[in-house]
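Thanks for asking me to look this over. My notes are below as numbered points, so you can follow them with the structure open beside you.

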Amino acid sequence: MAEEAEIMIANSSIYKLTFEDFRLDFELDIFRSVRITDEISDSSGIYPFAVVDVRFSKGDATGTLSSAENPENFLEDLRRISAQIEQIPEGANMAENIACGEWCAWMKGYWDRIEGDCVLSDDETVYDELIKCSVFESREAHLAAYLYSGRAVVEFATRGAERIANVRGWSQFDPAECIQSLRVIACQMRKEIFDNLQLYARGSDR
């Protein structure tokens with residue numbers, strides 16, 4: 001009797017979002033995504049859950065923007081990022097408060113001043129304006145998008161330990177093109193989860 005073939009599920013796949021100055025890589029953990037999707041789905045429907053590590057590449061520097069160690073559903077993150085970029089804000093006093101590409105640097109300075117109990121008189125006013133530009137935040141990094149003198153800008157900065165040099169990058173970008181790319185990535189992730197969920201179910205039934 002022929003030995004039955006083993007059903008294999010791929011480990012991961014990577015989706016890329018490229019800007020002028022840096023690139024974001026979304027690494028989908030296929031097996032964990034499928035396993036969690038199977039656990040939370042029921043007879044009323046399948047609820048795709050994407051476990052994703054977000055990494056960056058800027059020149060020779062690479063690192064993590066968000067780790068999937070304690071995962072949330074990254075499909076929801078993609079939806080929120082797209083919605084934020086779709087209504088990308090232009091701070092009324094942006095040019096007065098920061099130089100272009102210095103959003104993350106100002107935020108770091110603000111939190112440093114909070115910890116050092118030496119906030120400036122207008123810090124809260126500036127913070128309330130700039131925080132509207134945040135599109136993604138994690139323990140490892142911050143990502144923001146805003147209009148600066150009519151130009152759409154996206155930037156990131158890592159939040160390494162004091163002994164580790166943080167990496168920053170920013171680029172002008174086309175919001176409509178970025179939103180479309182994010183929607184395509186979300187669609188492809190869902191398809192990959194659904195396709196592998198069928199393999200997972202067949203393997204579980206054996």
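1. Let me begin with helix α4, keeping in mind that this is a predicted model. Helix α4 covers residues 103-115, which makes 13 residues. At 1.5 Å a residue the expected span is 18 Å, and the C-alpha atoms at its two ends are 19 Å apart, so the length agrees with expectation.

2. Which residues of α4 are buried? They are Trp103, Cys104, Trp106, Met107, Gly109, Tyr110 and Arg113. The spacing of such a list is worth a moment at the bench: an α-helix has 3.6 residues a turn, so residues three or four places apart point the same way. The cover over the buried residues of α4 includes helices α3 (94-97) and α5 (123-130), together with strands β5 (134-137), β6 (141-148) and β7 (151-158).

3. Two of those buried α4 residues, Trp106 and Arg113, also meet through their side chains. Arg113 lies over the face of Trp106, at 5.6 Å from the ring centre.

4. Please also look at the residue Asp117, which comes just after α4. Asp117 sits in the loop between α4 and α5 and has a positive phi of about 55 degrees, although it is not a glycine. Most residues other than glycine have a negative phi. With a relative accessible area of 71%, which is over the 50% cut-off, Asp117 counts as exposed.

5. Ser149 makes a good companion to that point. It is not a glycine either, and its phi is positive at about 50 degrees. Ser149 belongs to the loop between β6 and β7, and its relative accessible area of 59% makes it exposed.

6. Turning to the strands near the start of the chain, β1 (residues 12-18) and β2 (residues 23-29) run antiparallel and are joined by 7 bridges. The two form a hairpin, with 4 residues between them. On its other pairing, β2 runs antiparallel to β3 (residues 52-58), with 6 bridges joining them. Asp25 is a handy residue to follow across these strands: in β2 it is the bridge partner of Lys16, while its own partner in β3 is Arg55.

7. How many aromatic pairs does the structure hold? There are 11. One of them is the edge-to-face pair of Phe19 and Phe173, with 6.0 Å from centre to centre and 85 degrees between the planes. Phe19 lies in the loop between β1 and β2, and Phe173 in the loop between β8 (168-172) and α6 (175-204), so this pair ties together parts that are 154 residues apart in sequence. Phe19 is buried, at a relative accessible area of 12%, and Phe173 is buried too, at 11%.

8. A second pair worth selecting in your viewer is Phe26 with Phe74, which is tilted, at 5.4 Å centre to centre and 40 degrees between the planes. Phe26 is in strand β2 and Phe74 in helix α2 (residues 74-86), so the pair links distant parts of the chain, 48 residues apart. Are these two residues buried or exposed? Both are buried.

9. Phe19 and Phe173 also belong to a wider group. Together with Phe22, Phe56 and Phe156 they form one aromatic cluster.

10. For the overall picture, the chain has 6 helices and 8 strands. Along the sequence they follow the pattern β-β-α-β-β-α-α-α-α-β-β-β-β-α. Of the 206 residues, 43% count as buried. Among contacts with a separation of 6 or more, 57% come from residues 24 or more positions apart.

11. Lastly, a word on confidence. The chain has a mean pLDDT of 87, and 87% of its residues reach 70 or more. Confidence is highest in β2, at a mean of 96, and lowest in α3, at 79. Over residues 1-7 the pLDDT is below 50, and this stretch has 7 contacts in the model beyond near neighbours in sequence.

How values were computed
Residues numbered from 1 in each chain as written. Predicted model: local features only at pLDDT ≥ 70, side-chain atom pairs only at ≥ 80, totals over all residues. Heavy atoms only, no water. Expected span 1.5 Å × (residues − 1). Buried < 20%, exposed > 50% of the residue type's maximum accessible area, 1.4 Å probe, protein only. Contact = heavy atoms within 4.5 Å. Pairing = 2+ DSSP bridges. Phe/Tyr/Trp six-rings, centres within 6.5 Å; stacked < 30°, edge-to-face > 60°. Lys NZ or Arg CZ within 6 Å of the ring centre and 35° of its normal. pLDDT = per-residue confidence, 0-100.
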